[in-house]
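This report looks at how helices pack and how charged side chains pair in the structure shown below. Please keep the sequence and the coordinates at hand while reading.

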Amino acid sequence: MSVSDLARRIEAARRVVVFTGAGISTESGIPDFRSPGGVWSRMKPIYFQEFVSDPEKRREAWSRAFSGAAGWTGASPNAGHFAVARLVASGKAAAVITQNVDNLHQESGVPAEQVIELHGNASYATCLECGERHELEALKAGFEKAGEIPYCRRCGGLVKTATISFGQAMPEKPMNRAQAASLDCDLFLVLGSSLVVYPAAGFPLIAKRNGAQLVIVNREPTELDVYADLVVNAEIGPVMATVAPA
Ligand code: ZN
């Protein structure tokens, strides 16, 4: 059966790269933002250019961030995240490339330097000028008490949640790291991504063309199933808990 096939392939692999999408976190209760009922069907995205040019858009963005309106933060890792963390801890998986911004890989125990975030992280903020990290809790007090839109304590620049917004360039360093990791694995394991968002969805093909096996675990079929060595259509948590048991 396919789950034991997956376990055998992971066992035989020397270096696994895990690639995760919304599907691993929907099992933690985080809605897939692309799905019906997802965040962008409930509220209009604020584009990067609007954020930097319009104070009212910044206010709206921070109001959403501090209220948790998008539903991206506040959830807990699930069995799928913990199984991935075990693959990393055992040395089997070298890196986790993720399209998610929910910080759940780090919270499940994957060292931050082994998580490659293609769309940033919603659990903290950074200065758009100098890159200084700002914790949301520290910014929230001033916003809620005095309505202050956050500015950088170091340089006075605009501060924004560390997510990559619509209209914002893909982050160069994570993209380069993801490419290098994809070229340096012999098993590329996709968990819960529909693989439709480019350029991120190009990484499985980079790995495959470089000789790695491609395995896709997703509830629904994906566009890249035709290239995969193995496809498992199932919930992520139960499958991964079986192949990477505690
Ligand atoms: Zn700054």
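## Helix H6 against helix H11

Helices H6 and H11 are roughly parallel to each other, because their axes cross at roughly 30° and angles under 35 degrees fall in that class. The model is a predicted one, and in it the axes of H6, which covers residues 79-89, and H11 come within 7 Å. The crossing in which H6 passes H11 is left-handed.

On the H6 side, the contact is formed by Ala 79, Gly 80, Ala 83, Arg 86 and Leu 87, while H11 contributes Gly 237, Met 240 and Ala 241. Sorted by character, the residues of this contact comprise five nonpolar, two polar and one charged.

## Helix H1 against helix H11

H11 also packs with H1, here at an angle of about 50° and with the axes 9 Å apart. The two helices are therefore oblique to each other, and their crossing is right-handed.

Val 3, Leu 6, Ala 7 and Ile 10 make the contact from H1, and Val 239, Met 240, Thr 242 and Val 243 make it from H11. Seven of the residues in the contact of H1 with H11 are nonpolar and one is polar, with no charged residue. Met 240 of H11 is thus listed both in the contact with H6 and in the contact with H1.

## Salt bridges between separate parts of the chain

Side chains of opposite charge can pair when their charged atoms come close. With a cut-off of 4 Å between a side-chain nitrogen of Lys or Arg and a carboxyl oxygen of Asp or Glu, the count for this model comes to 12 salt bridges. One of them joins the side chains of Asp 184 and Arg 15, with an N to O distance of 3.0 Å. Asp 184 sits in the loop between helix H9 (172-183) and strand S7 (187-191), and Arg 15 in the loop between helix H1 (2-12) and strand S1 (16-20), so this pair ties together parts that are 169 residues apart in sequence. Both partners are partly exposed, Asp 184 with a relative accessible area of 43% and Arg 15 at 37% relative accessibility.

A further salt bridge is found between the side chains of Glu 235 and Arg 219, at 3.7 Å from N to O. This pair also links distant parts of the chain, 16 residues apart: Glu 235 lies in the loop between strand S9 (230-232) and helix H11 (236-243), whereas Arg 219 lies in the loop between strand S8 (213-217) and S9. Glu 235 is partly exposed, with a relative accessible area of 38%, and Arg 219 likewise counts as partly exposed, at 29% relative accessibility. Through salt bridges that share partners, Glu 27, Arg 219 and Glu 235 are joined into one network.

## A salt bridge within helix H5

The side chains of Arg 64 and Glu 60 meet in a salt bridge as well, with 3.0 Å from N to O. Because these residues are four positions apart in helix H5 (residues 55-67), about one helical turn separates Arg 64 from Glu 60.

Which of the two classes, buried or partly exposed, applies to Arg 64? Arg 64 is buried, since its relative accessible area of 16% falls under the 20% limit. Its partner Glu 60, with a relative accessible area of 36%, is partly exposed.

Technical notes
Residues are numbered from 1 along each chain as its sequence is written. This is a predicted model: local features need pLDDT of at least 70, side-chain atom pairs count only at pLDDT 80 or more; totals for chains, interfaces and linings use all residues. Side-chain values use heavy atoms; hydrogens and water are left out. Buried means under 20% relative accessible area, exposed over 50%, partly exposed in between (1.4 Å probe, protein chains only). Axes are lines fitted to C-alpha atoms, for helices over the stretch in contact, and angles run from 0 to 180 degrees between N-to-C directions. Angles under 35 degrees count as roughly parallel, over 145 as roughly antiparallel, 65 to 115 as roughly perpendicular and the rest as oblique. A crossing is left-handed if the near helix is turned anticlockwise from the far one by less than a right angle, and right-handed if clockwise. Contact means heavy atoms within 4.5 Å. Ala, Val, Leu, Ile, Met, Phe, Trp, Tyr, Cys and Pro count as nonpolar, Asp, Glu, Lys and Arg as charged, and the others, Gly among them, as polar.
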